[in-house]
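The exercises below are meant to be worked with the sequence and the coordinates open side by side. Try each task before reading its solution.

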Amino acid sequence: VMGALESRGVLRRMSDMLEMLMKRMDILARLENSTDFHKGDEARFPLDRFQPAAGLMERIQAIAQNVSDIAIKVDQILRNSLLSGKVVEGRRDQCEVPRDPKYPDCAGKVEWMRARWTSDPCYAFFGVDGTECSFLIYLSEVEWFCPPLPWRNRTEPLPSPPPLPRGQAAVRSDLSALLELIGTGKESLSFMKKRIRHLGQQWLRAARRLQQKLKGRQRDLKHILIHIGFLTEESGDVFSPRVLKGGPLGEMVQWADILAALFLLGHSLRVTVSLKELQGHLGVPPGRGNCPLTSPLPFDLIYTDYHGLQQMKQHMGLSFKKYRCRVRVIDTFGTEPAYNHEEYATLRGYRTNWGYWNLQPAQFMTMFPHTPDNSFMGFVSEELNKTERQIIKSNKVSSMAVVYGKEASIWKGKEKFLAILNKYMEIHGTVYYETQRPPEVPAFVKNHGLLPQHEFQQLLRKAKLFIGFGFPYEGPAPLEAIANGCVFLQARFNPPHSSLNHEFFRGKPTSREVSSQHPYAEDFIGKPHVWTVDYNNSQEFEAAIKTIMRTQVDPYLPYEYTCEGMLERIHAYIQHQDFCATSPPPLPPKAKSPAMQSSPSPLVLSTNSTHLVWSPSASRDPLAWPPVDSLQVWVSEAQHSCTETCRRHGLVCEPTFFRFLNKKEVFLQLSITCDSTEYEMNHLYPAVAEKVRECYLQKEALLFSCAGSNTKYRRLCPCRDYRQGQVALCRDCL
């Protein structure tokens, strides 16, 4: 969008170019007629092949005439507007920056616009032309830093009609429309569609069971955008080319399952894997992304990843801050509050390439339930019916092992383990190669190459052992193996791997310590299905193999990784998680005496006086989620996080309950003596430094954190119960 004189010039140039194009086509036609190229060859070159050229000439001539007419009309409009606009221009040139205490940033923003308005074409798109008045119009009507100008012709807006009742989401019974929605053109998309087709019947059965469980409960239909940022060309899309070459598939497995779940729950979806499509769906104005969206965001929820989050921030301008509460970020390894809070992360050394977004920590959604501060999204594994389970048990080969790892590099340096394993079991691999067998894979290993998913499943159904060599971390394959009746053997890491000591985790927004290749399998499943041993101890490693060969195990799949479990979880999140609703601050602002200003605690000591529970006489918000009845308050030991503390009591840490603990009265109820109580910004608070009897309360709600520990502090921890096989939901959360 250009100024008037520029527009007129462009139209003239377009007319000249079209005229030139016609002349050149006319020359080509005359040359063609003057040659003997196709004389006598009408049978081989029919004359109608050349007829479209004449039609094209006519169309170009018509377009040129239209452009010429438009240019003349623009000239007329400009002459008229120059005459009639002199008064308005005089007024436009005389605009002064208003001094209104309600708009303290106005003057500074006008100053910025004077210097930088040409830095992004989006400002011209919204009518900025370098005059003072255009700056003020933009800053008051497009952005909101300046007060409205009194001389602007603005009719009083008609009262908004009451919002139309939302459509109701109905569980779907067919996945074919989803497959069309996903689109084509990338190997990664083909992989996702194959997975959805393969699991289709299980998804549909699970959807019917959830429908019965909900008993006709009303659910609002949500308009949802799914933007898979890591598959866009702008982010490099390193995954698609590696789908057929043994590359990591965990993220694509999860995205396929998210798409299936959201679709079956009956919501309206849009799927994008390109930046251009994202901009179109969001309503991004032309330019470099500094201006707000051209219209209100048409989506209730946006599911994306860190790449997509970055793309949205770059192109949504101020609208990103306004609408970021609607975003859900699929985040494999988790983002802890200390890394998420920009100011705190910068001051305390927690800043990484992936953190500091200032989102609510529960907006990050993980592959496994390792970070209670985040929401557990998960994925699904294939379920077996009773007949399939019996067939698998009868066909198991007790001396057959499959190695976890499709890339040859994973096998490097593992000769010692493989030699021990080879004494007892026939070893199978699925390592990708093009022509020559990878030298890292020993000759005694039967390498099948990269297998399609259903063939890999058949291999797991025969094998007794699925063995990991330490990488990849926390992928879906071990759960698939256990679901197919394998025992999973993995290495114990001593010391645990973390961002402090391991290159893979360096830069990730978490301080989580990973004690094995697959902590979920170790902590939530365990023996006899999962064995975690010290691979540096040859005797322990060999003894584990002997025991596993003698141990009979049934196929096992945790409920939370079934189709029904995932549908149940996502349904609960969509119904109950609202990060756009304003929550009360953790303390009164500038409180001189927080104890005097805080309301009475709704908690009481439990019957055995070991922890606090919600008082039967305290009021309950019926819309609170999770319900407050599930809350238990425990005090951690020094050097223990709230995640560990709650797990030791058979519970899970629930960060939404921290606000009930952030009171001086809670220390008194737990018989903790406080010589002083301070409000500070620290992800370990509320906590007590017992040796000096100092108590600390949290000053910043975004820093309430289940993660984190220190030898100095015992922390106040909000724990809750959970549904059997569904750690993300409390017993009454559905």
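Buried residues make up 50% of the 734 residues in this protein, and the model examined here is a predicted one. Its secondary structure comes to 26 helices and 21 strands. Among contacts between residues at least 6 apart in sequence, 72% join residues at least 24 apart.

**Exercise 1. One helix and its two faces**

Determine which residues of helix 11 are buried, and explain how they are placed around the axis.

Solution. Begin with the accessibilities along residues 275–282, the span of helix 11, where Leu275, Leu278 and Leu282 turn out to be buried. Next consider the spacing: an α-helix has 3.6 residues a turn, so residues three or four places apart point the same way. In helix 11 the buried leucines, Leu275, Leu278 and Leu282, cover an arc of only 55° around the axis, which puts them on the same side of the helix. Then turn to the opposite face, the one directed away from the buried side, where the exposed residues Lys276 and Gly280 are carried. Now ask what covers the buried residues: the cover includes strand 1 (223–227), strand 2 (268–272), strand 3 (301–304) and helix 12 (306–316). Finally, inspect the residue that follows helix 11, which is Gly283, with a positive phi near 85°.

**Exercise 2. A pair of helices**

Describe how helix 17 and helix 21 cross, and list the residues through which they meet.

Solution. Two packed helices are described by the angle between their axes and the distance between the axes. For helix 17 (residues 415–424) and helix 21 (residues 538–550), the axes come within 10 Å and cross at roughly 35°, and the crossing is right-handed. The next step is to collect the residues in contact: helix 17 contributes Lys416, Phe417, Ile420, Leu421, Lys423 and Tyr424, which meet Ser538, Phe541, Glu542, Ile545, Lys546 and Met549 of helix 21. Sorted by class, this contact has seven nonpolar, one polar and four charged residues.

**Exercise 3. A histidine in a loop**

Is His683 buried or exposed, and which residue does its side chain join through a polar contact?

Solution. First locate the residue: His683 sits in the loop between strand 18 (676–680) and strand 19 (687–689). Its relative accessible area is 9%, and because buried means under 20%, His683 counts as buried. A polar contact of 2.9 Å joins the side chain of His683 to that of Tyr344. Leaving aside residues up to four places away in sequence, the residues that His683 touches include Ala338, Tyr350, Gln698, Leu703 and Arg715.

**Exercise 4. Backbone exceptions**

Find where the cis peptide bonds before Pro495 and Pro528 lie, and place Lys215 and Arg693, two residues other than glycine with positive phi.

Solution. Start with omega, which is about 5° for the cis peptide bond joining Asn494 and Pro495 and also about 5° for the one joining Lys527 and Pro528. Pro495 belongs to strand 11 (residues 487–497), whereas Pro528 is found in the loop between helix 20 (519–525) and strand 13 (530–533). Turning to phi, the value is near 55° for Lys215 and near 55° for Arg693. Lys215 is in the loop between helix 9 (200–214) and strand 1, and at 75% relative accessibility it counts as exposed. Arg693 lies in the loop between strand 19 and strand 20 (694–698) and, with a relative accessible area of 42%, is partly exposed.

Conventions:
Residues numbered from 1 in each chain as written. Predicted model: local features only at pLDDT ≥ 70, side-chain atom pairs only at ≥ 80, totals over all residues. Heavy atoms only, no water. Buried < 20%, exposed > 50% of the residue type's maximum accessible area, 1.4 Å probe, protein only. Helix = DSSP H or I, 4+ residues; strand = E, 2+ residues; numbered from the N terminus. Arc of directions from axis to C-beta. Contact = heavy atoms within 4.5 Å. Axes fitted to C-alpha atoms, helices over the stretch in contact; angles between N-to-C directions. Left-handed = near helix turned anticlockwise from the far one by under 90°. Nonpolar A, V, L, I, M, F, W, Y, C, P; charged D, E, K, R; others polar. Polar contact = N/O pair within 3.5 Å; in protein donor to acceptor, adjacent residues only side chain to side chain.
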